[in-house]
Amino acid sequence: MNTQDDQALADEWAAALEETGDAGQADIDALLAADSGNSASNRLPMEEFGSVPKNNDPVSLEGPNLDVILDIPVSISMEVGSTDINIRNLLQLNQGSVIELDRLAGEPLDVLVNGTLIAHGEVVVVNEKFGIRLTDVISPSERIKKLR
């Protein structure tokens, strides 16, 4: 920084400190000295949230890190199938319309948690309500890897 930049920064700090009523040149000088000691070359790079950890340890359900998130609610849904249609056909849909899906009859449903596939299952009836019997479940470590 050059002298003009230093003075401009000092003026900004002085104005800010005057607003709080605790302004003093010694405070400004201390803040400038502390700021010049924190150069960008001394800082560690920030890691992106959700980035892959630097160590290649296997993912596990053990330890305090996972305990923090165990009570967070998630949305679970079952997907019978899907298809793509254009808006013209979407607007023509009415009661009784049939939409062909990309799944065969009797094929297992996808079980999704927050949009991520975690299992396959088949429809069952439990106390006059629909339910799903899981037939193929992705292992907990694979589920955690998919979240990254």
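## A tour of the predicted chain

The protein chain is built from five helices and four strands. Keep in mind as you go that this is a predicted model.

**Stop 1: the whole chain.** Colour by secondary structure and trace the cartoon from the N terminus. Along the sequence you should meet the elements in the order α-α-α-β-α-β-β-β-α. Now switch on the surface. The accessible area is about 12,600 Å², and carbon and sulfur atoms account for 54% of that area. How much of the chain is buried? Of its 148 residues, 13% count as buried. If you like contact maps, here is one more figure: take the contacts between residues at least 6 apart in sequence, and 33% of them join residues at least 24 apart.

**Stop 2: a nonpolar patch.** Select V80, I85, L90, L93, I99 and L101, which make up a nonpolar patch on the surface. Together these side chains belong to residues offering about 490 Å² of accessible area. Zoom in on L90, one of the patch members. Where does L90 sit? You will find L90 in helix α4, which spans residues 87-91. Its relative accessibility is 48%, so L90 counts as partly exposed; the label "exposed" is kept for values over 50%.

**Stop 3: the first salt bridge.** Time for some charged residues. Side chains of opposite charge can pair when their charged atoms come close. How many salt bridges does the structure hold? There are two. Begin by showing D110 and R103 as sticks: their side chains meet in a salt bridge, with 2.3 Å from N to O. Is D110 buried or exposed? D110 counts as buried, because its relative accessibility is 11%, and the cut-off for buried is under 20%. R103, at 22% relative accessibility, counts as partly exposed.

**Stop 4: the second salt bridge.** Next, select R133 and E122, whose side chains also form a salt bridge, here with an N to O distance of 2.9 Å. Which elements carry the two residues? R133 belongs to strand β4 (residues 129-137) and E122 to strand β3 (residues 116-126), so this pair ties together parts that are eleven residues apart in sequence. Colour both side chains by accessibility to finish the stop. R133 is partly exposed, with a relative accessible area of 47%, and E122 is partly exposed as well, with 37%.

**Last view.** Show the patch around L90 together with the salt bridges D110 to R103 and R133 to E122, and turn the model at your leisure.

How values were computed. Residues are numbered from 1 along each chain as its sequence is written. This is a predicted model: local features need pLDDT of at least 70, side-chain atom pairs count only at pLDDT 80 or more; totals for chains, interfaces and linings use all residues. Side-chain values use heavy atoms; hydrogens and water are left out. Buried means under 20% relative accessible area, exposed over 50%, partly exposed in between (1.4 Å probe, protein chains only). Contact means heavy atoms within 4.5 Å. Accessible areas come from the Shrake-Rupley method with a 1.4 Å probe; for residues, only the protein chains shown count as cover. Patches are made of residues with over 30% relative accessible area and no salt bridge: like charges are joined within 9 Å, nonpolar side chains (Val, Leu, Ile, Met, Phe, Trp, Tyr) within 5 Å. A salt bridge is a side-chain nitrogen of Lys or Arg within 4 Å of a carboxyl oxygen of Asp or Glu.
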